[in-house]
Amino acid sequence: MEKKTILSGIQATGALTLGNYLGALNNWVEMQDQYDCYYMIADLHTLTIRNNPEALRENTLKLIALYVASGLDPEKNTIFIQSHIPAHTSLSWILNCYTYMGELNRMTQFKDKSAKHADNINSGLFTYPVLMAADILAYNADLVPVGDDQKQHLEITRDIAERFNSIYGETFKIPQVYIAKDGARIMGLQNPTAKMSKSAEDPMDKILLTDTPDDIRKKFKKAVTDSENCVRFDKENKPGVSNLMSIYGIIKNKTMEEVEKEFEGQGYGVFKTAVAETVIERLEPIQKKYNDLLENPEKLKQIYKKGDKKAKEKSDKILKEVCKKVGLVIEE
Ligand code: TYM
């Protein structure tokens with residue numbers, strides 16, 4: 001039986017957080033054997049904010065290194081750069097014409113990001129979900145593994161695909177969102193009621209995948225908890241402790257009940273140390289591999305060139321079919 005297709009991506013904006021890892025990358029690694037996986041570096045999406053061009057180029061290569069260092073095997077997965085595949089932007093334009101302003105206006109990320117970048121509310125920020133829909137639909141992906149914050153973007157992708165299909169007949173597969181139960185939303189360490197975000201201003205709020213062991217210990221030690229001093233999972237009343245429990249549980253592959261049992265009768269000091277050491281243990285080999293890969297930019301180039309080729313072949317076919325359906329003259 002043919003393998004189902006997966007597509008996902010991460011924006012190439014600076015260092016990734018533990019949230020990106022546990023919400024996305026870690027799940028991708030688990031899926032690489034059962035699916036035909038396309039994992040892209042979303043560099044075009046980052047243009048909605050003003051980047052330093054050199055830093056963006058560097059971050060793009062670094063992200064490829066991080067994908068591989070996290071366990072994605074470039075032989076099994078198609079790892080590629082979004083901007084290298086023209087089908088994404090071409091399809092995005094076409095899909096823009098099948099997306100309503102009202103739909104885009106409802107996107108919570110658009111509202112959040114425009115509040116954050118009030119001086120630069122560009123139309124790319126507004127049509128961002130359409131490019132994301134194009135990323136997914138250009139591969140006829142069956143499944144899109146993401147964190148909880150991307151759920152709304154997946155819903156609009158499905159709506160656009162269904163709309164297109166209803167006008168032109170079966171063209172796109174309707175993609176399913178895959179959100180792992182645990183780790184769907186890793187929260188900030190200082191503000192556990194908001195998601196851990198790359199762009200958080202307070203460095204103590206986020207664990208970066210490149211943090212040193214000492215940084216990680218310090219950040220977990222200072223993580224906001226509560227005064228109960230009891231390791232108990234209760235997202236509503238104990239968001240800080242529950243978040244730490246999720247992090248620990250995902251890495252150790254333990255349920256919240258098991259984590260509660262393990263730390264029964266022990267205070268937050270012991271628990272926080274255990275969480276920090278678990279994260280360090282997980283990140284250390286990744287960091288080592290990452291640093292080794294960065295020493296070898298030629299290898300990184302080979303990886304994305306191979307991925308680009310396969311991604312282009314697949315997406316070109318789907319784009320051609322779409323062009324034909326909407327009435328564009330195509331070269332056979
Ligand atoms: P981005 O770059 O913001 O985030 C990448 C992935 O990390 C997940 N994530 C989290 N998961 C759990 N807890 C958190 N605190 C946390 N923070 C981030 C995100 O849900 C995401 O899965 N628009 C996308 C990139 C993209 C894309 C796509 C994804 C572009 N095209 C097509 C899937 C399919 C984004 O900005 O993700």
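These are my notebook entries on the ligand site and three residues of this predicted model.

**Entry 1: where the ligand is**

I started with the ligand and asked which pocket holds it. The ligand sits in the largest pocket. Next I looked up which elements give two or more residues to the shell around it. I got strand S1 (5-11), helix H1 (18-31), strand S2 (36-42) and helix H6 (123-137). S1 gives the largest share of that shell, with five residues.

**Entry 2: who is around the ligand**

I have 28 residues around the ligand on my list. Tyr 128, Asp 135, Gly 147, Asp 149 and Ile 186 come nearest. Then I went through some polar contacts. For Asp 149, an N or O atom of the side chain is 2.4 Å from an oxygen atom of the ligand. For Met 196 the partner is a polar backbone atom, 2.9 Å from a nitrogen atom of the ligand. For Lys 198 I noted 3.3 Å between a side-chain N or O atom and an oxygen atom of the ligand. I also checked how much of the ligand is covered: on its own it has 710 Å² of accessible area, and the protein covers 97% of that.

**Entry 3: Ser 8**

Back to strand S1, where I picked Ser 8. Is Ser 8 buried or exposed? Ser 8 is at 3% relative accessibility, and the cut-off for buried is under 20%, so I put it down as buried. Leaving out residues up to four places away in sequence, Ser 8 touches Trp 28, Tyr 38, Tyr 39, Met 40, Pro 145 and Val 146.

**Entry 4: Thr 78**

I moved on to strand S3, residues 78-81, and looked up Thr 78 there. Its relative accessibility is 4%, so Thr 78 counts as buried too. With neighbours within four places in sequence set aside, I found Thr 78 in contact with Cys 37, Tyr 38, Tyr 39, Gly 307, Lys 310 and Ala 311.

**Entry 5: Phe 80**

I stayed in strand S3 for Phe 80. Phe 80 has a relative accessible area of 0%, so it goes down as buried. What does Phe 80 contact, leaving aside neighbours within four places in sequence? My list has Leu 7, Tyr 38, Tyr 39, Met 40, Ile 41, Ile 85, His 88, Tyr 139, Gly 307, Asp 308 and Ala 311. I also looked up how far Phe 80 is from Phe 220, which is 140 residues away along the chain. Their C-alpha atoms are separated by 34 Å.

Notes. Residues are numbered from 1 along each chain as its sequence is written. This is a predicted model: local features need pLDDT of at least 70, side-chain atom pairs count only at pLDDT 80 or more; totals for chains, interfaces and linings use all residues. Side-chain values use heavy atoms; hydrogens and water are left out. Helices (H or I, at least four residues) and strands (E, at least two) are DSSP runs, numbered from the N terminus. Buried means under 20% relative accessible area, exposed over 50%, partly exposed in between (1.4 Å probe, protein chains only). Contact means heavy atoms within 4.5 Å. A residue is near a molecule or strand if one of its heavy atoms lies within 4 Å of it. A polar contact is a pair of N or O atoms within 3.5 Å; within protein, one must be able to donate a hydrogen and the other to accept it, and residues adjacent in sequence count only if both atoms are side-chain atoms. Accessible areas come from the Shrake-Rupley method with a 1.4 Å probe; for residues, only the protein chains shown count as cover. On a 1 Å grid over the protein atoms alone, a cavity is a set of points where a 1.4 Å probe fits but cannot get out, and a pocket is an open set with protein on both sides within 12 Å along at least five of seven lines; lining residues have an atom within 4 Å of a point. A molecule sits in a cavity or pocket if more than half of its atoms lie within 2 Å of its grid points.
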